[in-house]
Amino acid sequence: MTTPSRPSPAGPGTEQVTAPPPGCPAHDPSGFGAGGLRRLFGPEADQDLSGVYEKLRAEHGAVAPALLHNDVRVWAVLGHSENLHMVRTPSLYTRDSRQWSAVRDGTAGADHPLAPVFTWQPMCSFAEGAEHQRLRGAVTGAMAGLDHRGIRRHINRYSNKILNGVCETGRADLVGQFAEHLPMMVMLHILGMPEEYSERMVQAARDMIQGTTTAIASNEFVMEALTRLVARRRAQPEEDFASALIAQPEQLTDDEVAAHLRLVLIAAYEATANLIANVLRVVLTDPRFRARLSGGQMTVPEAVEQSLWDEPPFSAMVGYFAKQDTQLGGRRIKAGDGLLLGIAPGNVDPVVRPDLAANMQGNRSHLAFSGGPHECPGQDIGRAIADTGVDALLMRLPDVELAIDERELRWRSSIMSRHLVELPVYFGKRPPQDITATPRSHTPPPPRPWEVSSPLPQAFEPPPAPVPTDAPAPAATPTAPPDPGPAAVAPARRKGAWRRLLEWWRGH
């Protein structure tokens, strides 16, 4: 199984942060900023952000000082228990970015590349107390009314639609043609705006959280589409999430409804697109992982859960903010300080995962969906899209193989996530399938080395006993005439119990 890597742990550094010595060849100047702090952006971070996190852990311990874009200071929370303490203690830490000193003094203003992520908006992820309960209650109430079985049928339908577009060519890019598009198709259908599906919507949803120069414009494009949807559903409700959110007894305003639709859309889309790509990459590059999956030792949901540990869809979240002076991980945190929720570094914390190769099957204590009052409310939707989509693809294309060397794969990284650029594959050409049908394989999977291919030996029959020469010949036994009816049909081989269970689990 492919596992994350980390350097050998070192003891925590001192409270005093010092800049690297001038001209030191061991330090890349582009990786450091004001005050000698490591940057979580720029060439070094773009190349290997997980490596930067591990350097911070070795130098400072579970909570380390670092820099965001424009050299805005933040505490990177790297420890698993420290992250959980932060998200589960609303009396000390808040998601309301208006309390961030960097927002108050303007260093993290509206033009900051990450402004679409941390700028306060009227939605539950930034609210606290009674207001948080009101807004969160509306979201969870609307989600409770979703038809999850119907959603899985739509995931199958959209999966078949995408795969029909590539199945006759024998080649595809599973990132650009599958992982990036399936979640957007499903989420726009759930929200009630399937007509808004386009390549522009897909790219805008990904761009707005990457900290690019066009992130603000992408955010405006998405919000304009959602605002139009709210106006339509106010006038004419339908059976979709937007209408259900508007109808909740909490009586959200139009701005609040649009903001929460954006929250659900972007969080579910980005997380699920990365999750699907990560699971498929491991299936295609790790023979042991694929053997366990195809051999029935691991289900697709279990494979997804393992990926949530090893490669969480969001590597970090910006952010949490200290309400008062406190301590975390041995560090003195001042009121107004910003803190980064370190999802990926927390998942590989040596305290909870001393052996990264260990199987985490059945363990859901990862940080992929955060925790506490602000735990992701749409995680079940994301899991359903990933589980059903990956299963549908592997059923349709059981012979799929990576078309390039694993070392040629490329990623695009940001503070928020690590995104696989492309996943080129090849497979046997096959005809399209009815998009409403359950995904099925048209060709058998390639034989495994351990399968028996030689014919079975003939059963041993003892020779007939010798007949004495003086014994009378036995009377001839009349033979029954041949049955003139149709030729007998050999009975079908009964499926094994495990195969029947898998087909039942997949809804076949």
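User: Is Ser-91 buried, partly exposed or exposed in this model?

Analyst: The model is a predicted one, in which local features need pLDDT of at least 70, side-chain atom pairs count only at pLDDT 80 or more, and totals for chains, interfaces and linings use all residues. Residues are numbered from 1 along each chain as its sequence is written, and side-chain values use heavy atoms, with hydrogens and water left out. Buried means under 20% relative accessible area, exposed over 50%, and partly exposed in between, with a 1.4 Å probe and protein chains only. Because Ser-91 has a relative accessibility of 52%, this residue counts as exposed.

User: Which residues does Ser-91 touch, not counting those up to four places away in sequence?

Analyst: Ser-91 lies in the loop between helix H2 (80-87) and strand S3 (93-94), where helices (H or I, at least four residues) and strands (E, at least two) are DSSP runs numbered from the N terminus. Contact means heavy atoms within 4.5 Å. With residues up to four places away in sequence left out, Ser-91 touches Lys-323 and Gln-324.

User: Which backbone oxygen does the side chain of Arg-331 reach?

Analyst: Arg-331 belongs to strand S7 (residues 331-333), and it counts as buried because its relative accessible area is 3%. At 2.9 Å, the side chain of Arg-331 reaches the backbone oxygen of His-60.

User: How many residues apart along the chain are Arg-57 and Asp-349?

Analyst: A salt bridge is a side-chain nitrogen of Lys or Arg within 4 Å of a carboxyl oxygen of Asp or Glu, and Arg-57 forms one with Asp-349, their closest N and O atoms being 3.8 Å apart. This pair links distant parts of the chain, with Arg-57 in helix H1 (residues 43-60) and Asp-349 in the loop between helix H15 (343-347) and helix H16 (379-396), and the separation is 292 residues.

User: Which relative accessibility does Arg-228, the salt-bridge partner of Glu-196, have?

Analyst: The closest N and O atoms of Glu-196 and Arg-228 are 3.1 Å apart in their salt bridge. Glu-196 counts as buried because its relative accessibility is 16%, whereas Arg-228 counts as partly exposed, at 42%.

User: What is the N to O distance in the salt bridge of Glu-311 and Arg-281?

Analyst: Glu-311 and Arg-281 are both buried. Their side chains meet in a salt bridge, with an N to O distance of 2.7 Å.

Notes:
A polar contact is a pair of N or O atoms within 3.5 Å; within protein, one must be able to donate a hydrogen and the other to accept it, and residues adjacent in sequence count only if both atoms are side-chain atoms.
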